[in-house]
Amino acid sequence: MFSSTVSSDGVIVLRPLRADDVTSMYDAVCESLAELKPWMSWAHDNYQKRETRDWITLAQARWNEGSYYGFAITEAQTQTFLGGLSLSQIHPLYHFCNLGYWIRSTQRGHGYAGRATRLAARFAFERLKLIRVEIVVAVENEASQKVADKIGAHREGILHNRMVVGARVHDAVMYSLLPSDFGLAVRL
Ligand SMILES: CC(C)(COP(=O)(O)OP(=O)(O)OC[C@H]1O[C@@H](n2cnc3c(N)ncnc32)[C@H](O)[C@@H]1OP(=O)(O)O)[C@@H](O)C(=O)NCCC(=O)NCCS
């Protein structure tokens, strides 16, 4: 089932998280904690390898039930683990979802998040038949807004108190990607 969900643009590969990603994903998280903590509630100073293992196990179960899609982003030539991407909050009635991403600190600045986002959005439209992918970015998160802007996501406005990370509440920019951005028709 998972093998048919691998996609690549020749530079990166986007594929479902696997049990054998635990060590490389844990290492990637650990090296990136300072940059993940402001934006990801799951990232904290005492982050443990079992949290990665539990997360991958949960992600695989939720993939099978169609409620959450957790991907690894890897480098196409070397298979280096670059980061993670998820499609979550899949709305059963209105057919949209939330897309989130992170790239390990040593691999930032190469445009990998944007590449992965484009592959994942195409997966959402073609495979999941969604009609809208949302990217919700804290107003203070300039790097992530650059990712969304650079791939041509629609900047739709600012939503107040839309994001909570730990004890901090953020206003957030709502971005969207639509099937028409990929030359695709809406298919319900
Ligand atoms: C946001 C993030 C995913 C961007 O991934 P990326 O693959 O590095 O994206 P890009 O290469 O397109 O770079 C985006 C911007 O990040 C900034 N950036 C690049 N390298 C950087 C570095 N080493 N340190 C800080 N910022 C950097 C640049 O301003 C860049 O914009 P530019 O291309 O106009 O110069 C990544 O920085 C990250 O994982 N951040 C922490 C988690 C997070 O914020 N996730 C998004 C939640 S909505």
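**Notebook: sheet, strand 6 and ligand shell**

I began with the pairing of strand 7 and strand 8, which run antiparallel and are joined by 8 bridges. The model I am reading is a predicted one. In this pairing I found histidine 154 opposite serine 176 of strand 8. I then looked at the connection: strand 7 and strand 8 form a hairpin with 2 residues between them. Glycine 166, in that turn, has a positive phi of about 60°.

**Entry: the whole sheet**

I next traced the strand order. The sheet is open, has 8 strands in the order 1-2-3-4-5-6-8-7, and its pairing is mixed. Which strands stand at the edges? I noted strand 1 (7-8) and strand 7 (154-165) there; each has a single partner strand, so one side of each is left without a neighbour in the sheet.

Elsewhere in the sheet I checked strand 2 (residues 12-16) against strand 3 (residues 69-75), and I recorded 5 bridges in an antiparallel arrangement. Proline 16 has phenylalanine 71 of strand 3 as its bridge partner.

**Entry: strand 6 and its two neighbours**

I then turned to strand 6 (residues 132-138) and asked how many of its residues are buried. The count is 7 of 7, and the strand is mostly covered. I sorted the side chains by direction: Arg132, Glu134, Val136 and Ala138 point one way, whereas Val133, Ile135 and Val137 point the other way, and all are buried.

On one pairing, strand 5 (residues 96-103) runs parallel to strand 6, with 3 bridges between them. Here asparagine 98 stands opposite glutamate 134. I followed the chain from strand 5 through helix 3 (residues 112-126) to strand 6, and this β-α-β crossover is right-handed.

The other pairing I looked up is with strand 8 (residues 168-177), which runs antiparallel to strand 6 and is joined to it by 6 bridges. Valine 133 has leucine 177 in strand 8 as its bridge partner, and isoleucine 135 stands opposite tyrosine 175. Strand 8 is mostly covered too, with 7 of its 10 residues buried.

**Entry: glutamate 134**

I examined this residue of strand 6 separately. Is glutamate 134 buried or exposed? Its relative accessible area is 10%; buried means under 20%, so I entered glutamate 134 as buried. I then listed what glutamate 134 touches, leaving out residues up to four places away in sequence: Phe96, Cys97, Asn98, Leu99, Met174 and Tyr175. Asn98 in this list is the residue that stands opposite glutamate 134.

**Entry: helix 4, glutamine 145 and serine 144**

I moved to helix 4 (142-150), where glutamine 145 lies. Glutamine 145 counts as buried, at 9% relative accessibility. With residues up to four places away in sequence not counted, glutamine 145 touches Val137, Ala138, Val139, Glu140, Arg155, Val173 and Tyr175. I looked closer at one of these contacts: the side chains of glutamine 145 and arginine 155 are joined by a polar contact of 3.2 Å. I also took a distance along the chain: alanine 185 is 40 residues from glutamine 145, and their C-alpha atoms are separated by 26 Å.

Serine 144 has its place in helix 4 as well. I noted a relative accessibility of 11%, at which serine 144 counts as buried. Its contacts, under the exclusion of residues up to four places away in sequence, are Tyr101 and Val137. Val137 belongs to strand 6, on the side shared with Val133 and Ile135.

**Entry: the ligand**

I finally looked at the surroundings of the ligand. Which residues come nearest? Of the 20 residues around the ligand, I listed Ile103, Arg108, Gly109, Gly111 and Lys150.

I then checked polar backbone atoms against ligand oxygen atoms. The distance is 2.8 Å for isoleucine 103 and 2.7 Å for glycine 111. For histidine 110, a backbone N or O atom lies 3.1 Å from an oxygen atom of the ligand. The ligand on its own has 920 Å² of accessible area, and the protein covers 74% of this.

Last, I asked where the shell comes from. Helix 1 (22-36), strand 5, helix 3 and helix 4 each supply at least two residues. I recorded helix 4 as the source of the largest share, 5 residues.

Technical notes. Residues numbered from 1 in each chain as written. Predicted model: local features only at pLDDT ≥ 70, side-chain atom pairs only at ≥ 80, totals over all residues. Heavy atoms only, no water. Buried < 20%, exposed > 50% of the residue type's maximum accessible area, 1.4 Å probe, protein only. Helix = DSSP H or I, 4+ residues; strand = E, 2+ residues; numbered from the N terminus. Pairing = 2+ DSSP bridges. Right-handed = clockwise from strand over helix to strand, strands pointing away. Contact = heavy atoms within 4.5 Å. Near = heavy atom within 4 Å. Polar contact = N/O pair within 3.5 Å; in protein donor to acceptor, adjacent residues only side chain to side chain. Areas by Shrake-Rupley, 256 points an atom, 1.4 Å probe, with all protein chains shown as cover.
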